[in-house]
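Let's walk through this one together, starting with the whole chain and then zooming in on a few helices, a pocket and some individual residues. Keep the viewer open as you read.

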Amino acid sequence: MKDNAVEVHIHPLKRVYVSNKELINTLIMCICVLVISDVIVGIITGNFGVFLSVKQTMVLLRMSSFTALFGLCQMIVICVGDGGLDLSVGYIASLSSILAGHIMEGSNAGIVPAVIVAILVGGGFGLLNGFFKAYLGLPALVVTMAMASIIQGICYLYTTYIPISGAPGSAISFLTSKFTGIMPNILLLLIPVTVVVEIIFRKTKLGVKLLGIGSNDVAAFLSGVNVKRTRMLAFMASGIIAALCGIVLLGYFDKASMDLGTNYVMPSIVCVVIGGVSINGGKAGYIPVIFGAFILQVLNSLFVSIGWGDAGKWLGFGLILLVMLIIYVRNKMSR
């Protein structure tokens, strides 16, 4: 008697949803949060349609782009698993912005040297984070927290002798703080970055290695992947991106400061969690992370609009992170 294979027919729409679940879920969340925020502000102020206007959406998109770029740092180290997390990104960005401001002094001729210095500084600190994590087996949370404190001390020491000064080149300011029509120019940076990241994770061997290590580092090792080196390089990439984010923030705020990037550390983690990136590694998608950053920016604007300010923002970020982690753990236990 022959066993006949049973064909399971899956509806095409369901197949599309399963293949792009995180992207679709975060897109739906974006729409819901926008509508709910508009209703709340409309009820309180009597002015409906504020959050749903194209102009306001573009403003929110510009503000969320900075969080999304920091979210890329977290996504890279989280996807390689083993508790990857980088709490030093904000401080690397702050130090980078201070150095870049001194190098550029408002001149476009200083942009390339500033970028090179940022890559060296961010790459160096990221490499140290990765070495302590991958080769010495120290927890990433502790290592990057200690590195953040060290970098903060370096910032204080540096600015004691060399006061914070300088300004971004006009090209950096144009890219990060200006609009062309209704479109924020920062999209000219975010869109190419998104395309490159998606190609790397979906189409290249490097992406397969990163996700493979996060899924099962033992299997990846047996397949010939240098797990420790790859994890170390992931942290180095996070540091480089964080340092470049410092230059981006310098262009937006037009001046450097000691805490320029520190307020982006918590949001960068939250937007990655909202974007469906597994905290255990092995799963990554940058577009949902961007949507996650947008959701946070909408909520931030909502809290400001109703008078909650920073208190509401940080309370909201903490609650969102807690709820998302609870949902993640419950889903994991139910499998």
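**The chain as a whole**

The chain has 14 helices and two strands. Its radius of gyration is 21 Å, close to the 20 Å that the globule rule gives for 335 residues, so the chain is as compact as a globular protein of that length. Bear in mind that this is a predicted model. Along its principal axes, the C-alpha trace spans about 85 × 60 × 35 Å.

How much of the chain is buried? Buried residues make up 46% of the 335. As for contacts with a separation of 6 or more, 76% of them are between residues 24 or more positions apart.

**Into the pocket**

Now turn to the largest pocket, which has a volume of about 650 Å³. Its lining is made by 29 residues, and Leu72, Ile76, Val197, Ala237 and Ile241 are the ones that lie nearest its centre. The elements that give two or more residues to this lining are H3 (54-79), H7 (170-177), H8 (187-203), H9 (205-215) and H11 (227-253), every one of them a helix. Which of them gives the most? That's H11, with ten residues. Sort the lining of the largest pocket by class and you get 23 nonpolar residues, four polar and two charged.

**Following H11**

Since H11 gives the most to that lining, let's stay with it for a moment. H11 has 27 residues, which at 1.5 Å a residue should span 39 Å, and the end C-alpha atoms are indeed 39 Å apart.

Ala242 is one of the residues in H11. With a relative accessible area of 0%, Ala242 counts as buried because the cut-off for that is under 20%. What does Ala242 touch, once residues up to four places away in sequence are left out? Its partners are Cys73, Val89, Ile92 and Ala93. Take Ala93: it is 149 residues from Ala242 in sequence, yet the two are 5.3 Å apart in space, C-alpha to C-alpha.

Just past the helix, H11 is followed by Asp254, whose phi is positive, near 70°. Most residues other than glycine have a negative phi, and Asp254 is not a glycine. Asp254 has its place in the loop between H11 and helix H12 (265-274), where it is partly exposed, with a relative accessible area of 44%.

There is another case to look up, Asp82, which also isn't a glycine and has a positive phi of about 60°. You'll find Asp82 in the loop between H3 and H4. Is Asp82 buried or partly exposed? Partly exposed, with a relative accessible area of 45%.

**H3 and H6: two buried residues**

Back in H3, have a look at Ser65. Ser65 is buried, with a relative accessible area of 1%. Setting aside neighbours within four places in sequence, Ser65 is in contact with Ile186, Leu187 and Leu190.

Over in helix H6 (residues 140-161) you'll find Ala140, which is buried too, with a relative accessible area of 3%. Leaving out residues up to four places away in sequence, Ala140 touches Gly83, Gly84, Leu85, Lys133 and Phe235. Leu128 is twelve residues from Ala140 along the chain, and their C-alpha atoms are separated by 11 Å.

**H5 and H13: two more helices**

Helix H5 (residues 111-134) has 24 residues and reaches 33 Å from its first C-alpha to its last, close to the 34 Å expected at 1.5 Å a residue. Buried residues in H5 include Ala114, Ala118, Val121, Phe125, Asn129 and Lys133. An α-helix has 3.6 residues a turn, so residues three or four places apart point the same way. What covers the buried residues of H5? The cover includes helix H4 (89-104), H6, H7 and H11.

Last stop: helix H13 (residues 286-305), which has 20 residues. From its first C-alpha to its last, H13 reaches 29 Å, close to the 28 Å expected at 1.5 Å a residue. H13 is mostly covered, with 16 of its 20 residues buried. After H13 comes Gly307, whose phi is positive, near 90°.

Definitions and conventions: Residues are numbered from 1 along each chain as its sequence is written. This is a predicted model: local features need pLDDT of at least 70, side-chain atom pairs count only at pLDDT 80 or more; totals for chains, interfaces and linings use all residues. Side-chain values use heavy atoms; hydrogens and water are left out. On a 1 Å grid over the protein atoms alone, a cavity is a set of points where a 1.4 Å probe fits but cannot get out, and a pocket is an open set with protein on both sides within 12 Å along at least five of seven lines; lining residues have an atom within 4 Å of a point. Grid points are joined across faces, edges and corners, and a volume is the space filled by probe spheres set on the points. Helices (H or I, at least four residues) and strands (E, at least two) are DSSP runs, numbered from the N terminus. Ala, Val, Leu, Ile, Met, Phe, Trp, Tyr, Cys and Pro count as nonpolar, Asp, Glu, Lys and Arg as charged, and the others, Gly among them, as polar. The expected span of a helix is 1.5 Å times one less than its number of residues. Buried means under 20% relative accessible area, exposed over 50%, partly exposed in between (1.4 Å probe, protein chains only). Contact means heavy atoms within 4.5 Å. The radius of gyration is taken over C-alpha atoms; the globule rule is 2.2 Å times the number of residues to the power 0.38.
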